[in-house]
Amino acid sequence: MTTFLHISDSHISADPAYHPPEIPASLPHPNRGVERLLEMISRLPYEIEFILHTGDVCADPQAEDYHCARELLTPLSQPLYLLPGNHDSLRLMRDIMHDGERTQVLGDAHLQLGGCHLVTLDSNEEGDVHAPNLSDEQIDWFAEQLESIHDGPIVVATHHALIETGVPWIDEQMRVQNGQRVQRLLRQHRDKIAGVFHGHIHQSTTTFSDGVTYICCPSTWSNLAGYPGLGAAEPDLNTQGGFNLVMLRENGAFVRRYSLPSLSP
Ligand SMILES: [Fe+2]
């Protein structure tokens, strides 16, 4: 059995005054959410094998934010796998945070980890930063990875959502626009897929489609709404920041959602 944490969209900033105008005034600085996250992780009664961060590690693609993130995440003892989000720079994140041991920054990657395979896709390569496309080369590479794995469940991770949800804002403005091509591959290999883990939409969602489960965990900072007819990003102050704990078993996955203690400015 493999147990890991799925975290996302921490938007760490070195600027103590960071507070974009579209973010509700009642929300505190994003680094406060990460501090609460670390406190909760230290008290979890589970043996955590690794932590998967599905992107938007930092607020802005600038060196000082990655130095700040490296410092802030230092107390974590578990291996940390970081994917780039649309707010990140893969190059800076690699230069500053990747140490090849405790912290690994992943683009398109396939790692064998104890009891599972982690296959990640960098969903920031082509097109709109919020609603990109995966390249033909990435999709071919992904197909080869799925084909090659015969021992153990596969954990798939991207920053952006791959699957349609019925929420227009997510489907049209926040999703990998050619995600159907990846979904077809996942469907073919569904018996091997433990789950597809993503972030970007800043909310806790689970989608079941063709025998594959797609899971988004909330941001540790600011969360967003999702309902039929929603055409633009809308804050959801009723959703606390949080993360998911995932236990992979031989015949499936158990996911437990954790909410962070309420954040006051
Ligand atoms: Fe984000």
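**Contacts, sheets and core of a predicted model**

Biologist: Which residues in helix 6 do Ile 139, Phe 142, Ala 143 and Leu 146 of helix 4 meet?

Modeller: This is a predicted model, in which local features need pLDDT of at least 70, side-chain atom pairs count only at pLDDT 80 or more, and totals for chains, interfaces and linings use all residues. Residues are numbered from 1 along each chain as its sequence is written. Helices (DSSP runs of H or I, at least four residues) and strands (runs of E, at least two) are numbered from the N terminus. With contact taken as C-beta atoms, placed from the backbone, within 7 Å, the partners in helix 6 are Arg 181, Val 182 and Leu 185.

Biologist: Are helix 4 and helix 6 roughly parallel or roughly antiparallel to each other?

Modeller: Helix 4 covers residues 136–148 and helix 6 covers residues 179–188; their axes come within 10 Å and cross at roughly 10°. Axes are lines fitted to C-alpha atoms, for helices over the stretch in contact, and angles run from 0 to 180 degrees between N-to-C directions. Under 35 degrees counts as roughly parallel, over 145 as roughly antiparallel, 65 to 115 as roughly perpendicular and the rest as oblique. Helix 4 and helix 6 are therefore roughly parallel.

Biologist: How does Arg 181 count in terms of burial?

Modeller: Arg 181 belongs to helix 6. A residue is buried with 20 or more other C-beta atoms (placed from the backbone) within 10 Å of its own, exposed with 12 or fewer, and partly exposed in between. Arg 181 has 16 C-beta neighbours inside 10 Å, so it counts as partly exposed.

Biologist: How far apart in space are Arg 181 and Leu 134?

Modeller: In sequence, 47 residues separate Arg 181 from Leu 134. From C-alpha to C-alpha, the distance between Arg 181 and Leu 134 is 9.2 Å.

Biologist: Which strands stand at the edges of the sheet with the order 4-3-2-1-13-14?

Modeller: This open sheet has 6 strands and mixed pairing, two strands being paired if DSSP finds at least two bridges between them. Two of its strands have a single partner strand each, so one side of each is left without a neighbour in the sheet. These are strand 4 (103–105) and strand 14 (252–259).

Biologist: Which residue in strand 3 stands opposite Leu 52?

Modeller: Strand 2 (residues 50–53) pairs with strand 3 (residues 80–82) in the parallel sense, over 3 bridges. In that pairing, the residue opposite Leu 52 is Tyr 81.

Biologist: How many residues lie between strand 13 and strand 14 in their hairpin?

Modeller: Strand 13 (residues 242–249) runs antiparallel to strand 14, with 8 bridges between them. Asn 244 stands opposite Arg 257, and Arg 249 stands opposite Gly 252. The number of residues between the two strands of the hairpin is 2.

Biologist: Which residue in strand 13 is the bridge partner of Thr 3?

Modeller: Strand 1 (residues 2–7) also pairs with strand 13, in the antiparallel sense and over 5 bridges. There the bridge partner of Thr 3 is Met 247.

Biologist: What do the buried residues of helix 2 pack against?

Modeller: In helix 2 (residues 63–72), the buried residues are Asp 65, Tyr 66, Cys 68 and Ala 69. Seen down the helix axis, they fall within an arc of 160° (taken from the directions from the axis to the C-beta atoms), so they line one face of helix 2. Residues 90–97 form a helix that lies across strand 3 and strand 4, at about 160° to strand 4. The buried residues of helix 2 pack against this element, helix 3.

Biologist: Is Asp 9 buried or exposed?

Modeller: Asp 9 lies in the loop between strand 1 and helix 1 (30–43). Its phi is near 50°, a positive value in a residue other than glycine. Having 29 C-beta neighbours inside 10 Å, Asp 9 counts as buried.

Biologist: Which strands are at the edges of the sheet with the order 5-6-9-10-12-11?

Modeller: This is an open sheet of 6 strands with mixed pairing. The strands that pair on one side only are strand 5 (109–113) and strand 11 (205–209).

Biologist: Which residue in strand 9 stands opposite His 117?

Modeller: Strand 6 (residues 116–120) and strand 9 (residues 154–157) run parallel and are joined by 4 bridges. Opposite His 117 stands Ile 154.

Definitions and conventions. Two residues are in contact if their C-beta atoms, placed from the backbone, lie within 7 Å.
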